[in-house]
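Morning, everyone. I have one structure to go through, so please pull up the sequence and the model.

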Amino acid sequence: MINSVKSIIIAASALAMSVFAAMPSSAQEKVVRYEGSVSVGAGYFEYREVGGVLHTSHGIRFNREGVRFLYLGLSLEEQLYLGGRPYIPSYTFLSVHAKTYFPVGARVQATAGLELGAMRLAAGSVMWSPNLTPSIGVEFLTKGKQAVMITARTYINKDSVTGEQPDPGVTLMVGYRF
């Protein structure tokens, strides 16, 4: 079941980013602008652990001919495991984040994203831990450029301590984009 969900998220992210990143834009929008977001969620993480997640991303959104609906930024994510193996600490990930948007209604847009990270902070140390996090979601525009977000994500990584490729995790998150 988890592998099926993971495959759907990866395929939808790749398709949407390749198809919709180059949509034409109107000349009335700013070419680049700051964009930030904060999300909370819960999910099934690596090593079959259930936990919570706090995620924030900050960067720039491009709105110009050829790169409409493209966001690039940095993400910081805190994963808190709620049980299971006592030696698995909570983790903080630092990642580069790319996301594309495409309208599906007057105040609704779908999203597809990809985060690529290499740093994992745990128990007071910094570890090399490559991870890839594809995501799909929907955003409901509230006022101006702000939106309420619902996002599904999966994690593809390799444990830097054990060298294992843990079970993929899946999280569902709710957040606010500003």
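I will go through the aromatic rings, then the core and its strands, then two buried polar residues. A caution before that: this is a predicted model.

Start with the rings. A pair of aromatic rings is described by the distance of the centres and the angle of the planes. How many aromatic pairs does the structure hold? The answer is one. The partners are tyrosine 34 and phenylalanine 178, with centres 6.3 Å apart and 40° between the planes. That angle makes the pair tilted, because stacked needs under 30 degrees and edge-to-face needs over 60. The two rings come from distant parts of the chain, 144 residues apart. Tyrosine 34 belongs to strand β1, residues 32–45, while phenylalanine 178 lies in the segment after β8. As for accessibility, tyrosine 34 is partly exposed at 45%, and phenylalanine 178 is partly exposed at 34%.

Another ring has a charge over it. The charged end of arginine 61 is placed over the ring of tyrosine 101, 3.7 Å from the ring centre.

Now the core. The largest nonpolar core has eight residues: Phe45, Val53, Tyr81, Tyr91, Phe93, Met127, Tyr155 and Met173. Take phenylalanine 45 from that set. Outside its neighbours within four places in sequence, its contacts include Val53, Tyr81 and Tyr155. Phenylalanine 45 also contacts Gln79, Gly169 and Thr171, among others.

Next, the strands. Strand β4, residues 91–103, is mostly covered, with 10 of its 13 residues buried. β4 pairs with strand β3, residues 70–81, in the antiparallel sense, over 10 bridges. Within β4, tyrosine 91 has glutamine 79 standing opposite.

On to the polar residues. Arginine 153 is in strand β7, residues 147–157. Is arginine 153 buried or exposed? Its relative accessibility is 3%, so arginine 153 counts as buried. Its side chain makes polar contacts with two other side chains: histidine 55 at 3.3 Å, and glutamate 115 at 2.8 Å.

Threonine 133 is the other one, in strand β6, residues 125–141. Threonine 133 counts as buried because its relative accessibility is 4%. Which residues does threonine 133 touch, not counting those up to four places away in sequence? They are Gly113, Leu114, Glu115, Arg153, Thr154 and Tyr155. That list brings back arginine 153 and glutamate 115, the two whose side chains share the 2.8 Å contact. One last distance: the C-alpha atoms of threonine 133 and glycine 169 are 9.6 Å apart, with their positions 36 residues apart along the chain.

That is what I have.

How values were computed: Residues numbered from 1 in each chain as written. Predicted model: local features only at pLDDT ≥ 70, side-chain atom pairs only at ≥ 80, totals over all residues. Heavy atoms only, no water. Phe/Tyr/Trp six-rings, centres within 6.5 Å; stacked < 30°, edge-to-face > 60°. Helix = DSSP H or I, 4+ residues; strand = E, 2+ residues; numbered from the N terminus. Buried < 20%, exposed > 50% of the residue type's maximum accessible area, 1.4 Å probe, protein only. Lys NZ or Arg CZ within 6 Å of the ring centre and 35° of its normal. Core = buried A, V, L, I, M, F, W, Y, C linked by side-chain atoms within 4.5 Å. Contact = heavy atoms within 4.5 Å. Pairing = 2+ DSSP bridges. Polar contact = N/O pair within 3.5 Å; in protein donor to acceptor, adjacent residues only side chain to side chain.
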